[in-house]
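Student: I would like to take a close look at a single part of this protein, and then to see how the parts around it and elsewhere in the chain are arranged. Could you please take me through it in one connected account?

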Amino acid sequence: MRAAGRRRADAVWPVGAPARPGAVAFLVIDMQVDFCARGGWVDQLGEDVSNTAAVIPPLARALDAARQAGLTIVHTREGHAPDLSDLPANKQWRTRVHGLGIGDRGRSGRILVRGEPGWQIVPELAPRPGEMVIDKPGKSSFHATNLEARLRGLGVTHLAVAGVTSDCCVQSTFRDGFELGFEAVVLEDCTAAVETRNHEATMAILKAYGGRWGRVVRAARFFQALEAGHG
């Protein structure tokens, strides 16, 4: 019994594997110019984007594999309406502490405003026709969006979460997915934070005790489990 319990605890999907590939949503979180590219918001703040840019190639490969496997592909973009009517004052204030806040004009247009150059998804990971794109005003992809309803409508029961940043929007989406009853994993080699120490600390928290909110696995193991049809 103890051996069986350990196998379940170590499994990618310890509670139960998805019934079909389309029941797994592959969530690509906020791979936008403002977070991942030279000239974007993070770069303009004087921070190093090499960590967030480095996940573009492995994430592109994982995204291709997810498409071939028939997973439900979802892209998210953090951003606000041009009139900033969906931007809480506390969020704008806290971003302006760093010198250039949401809604301010930078070299890549207005920061995290929908339609601006910096708000766009990087070309390497551009959504394909028919793939779901969720525009979100918050950190969690489930906050103030119709993501949950759309996933339920497609029969999605499991989530694979990747993208940036691991210490902010990725973990917020992962945790909320758990709270909503989705079986979820984070793909460790397809996510990053701007600061290495923050990424490592986040992964340690998410992995603790076998994963309070779900599993943290590398992409290769995730796809192996998916192909085998079990966790």
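Tutor: In this predicted model, Thr191 has a relative accessible area of 3%, and because the limit for a buried residue is under 20%, Thr191 counts as buried. Thr191 belongs to strand 7, which covers residues 183-192. Apart from residues up to four places away in sequence, Thr191 touches Val55, Gly163, Thr165, Ser166, Val170, Val186, His199 and Met203. Ala162 stands 29 residues from Thr191 in sequence, yet the two C-alpha atoms are 5.2 Å apart in space.

One partner of Thr191 deserves attention of its own, namely Thr165. Thr165 sits in the loop that joins strand 6 (158-164) to helix 8 (166-179). The peptide bond leading into this residue, from Val164 to Thr165, is cis, with omega near -10°. Thr165 is buried as well, at 13% relative accessibility. Its contacts, neighbours within four places in sequence being set aside, are Thr52, Val170, Gln171, Thr191, Ala192, Ala193 and Val194. Val170 therefore appears among the contacts of Thr165 and also among those of Thr191.

Helix 8, which follows the loop of Thr165, leads on to the largest pocket, for it supplies at least two residues of the lining, as do helix 3 (41-44) and helix 6 (89-96). This pocket holds about 570 Å³ of space. Its lining consists of 21 residues, and those nearest the centre are Phe35, Trp41, His98, Lys139 and Cys168. Sorted by class, the lining has eight nonpolar, eight charged and five polar residues.

Helix 6 gives the largest share of that lining, four residues. Within helix 6, the buried residues are Lys91, Gln92 and Thr95. Viewed down the helix axis, these buried residues fall within an arc of 95°, so they line one face of helix 6. An α-helix has 3.6 residues a turn, so residues three or four places apart point the same way. On the other side of helix 6, the exposed residues are Ala89, Asn90, Trp93 and Arg94. The cover over the buried residues of helix 6 includes helix 3 and strand 2 (72-78). Between strand 2 and helix 6 runs a loop that contains Leu84, a residue that is not a glycine but has a positive phi of about 60°.

The cysteines can be considered next. The structure has zero disulfides. Cys168, one of the residues nearest the centre of the largest pocket, is in no disulfide, and the nearest cysteine sulfur, in Cys169, is 4.1 Å away. A disulfide needs two sulfur atoms within 2.5 Å. Cys168 is partly exposed, with a relative accessible area of 24%. For Cys36, the closest cysteine sulfur is also that of Cys169, at 11 Å, which is too far for a bond. Cys36 is buried, with a relative accessible area of 2%.

Finally, a positive phi of about 60° is also found at Tyr209, again not a glycine. Tyr209 lies in the loop between helix 9 (196-207) and strand 8 (215-217). At 74% relative accessibility, Tyr209 counts as exposed, whereas Thr191, where this account began, is buried.

Notes. Residues are numbered from 1 along each chain as its sequence is written. This is a predicted model: local features need pLDDT of at least 70, side-chain atom pairs count only at pLDDT 80 or more; totals for chains, interfaces and linings use all residues. Side-chain values use heavy atoms; hydrogens and water are left out. Buried means under 20% relative accessible area, exposed over 50%, partly exposed in between (1.4 Å probe, protein chains only). Contact means heavy atoms within 4.5 Å. On a 1 Å grid over the protein atoms alone, a cavity is a set of points where a 1.4 Å probe fits but cannot get out, and a pocket is an open set with protein on both sides within 12 Å along at least five of seven lines; lining residues have an atom within 4 Å of a point. Grid points are joined across faces, edges and corners, and a volume is the space filled by probe spheres set on the points. Ala, Val, Leu, Ile, Met, Phe, Trp, Tyr, Cys and Pro count as nonpolar, Asp, Glu, Lys and Arg as charged, and the others, Gly among them, as polar. The arc is that of the directions from the helix axis to the C-beta atoms.
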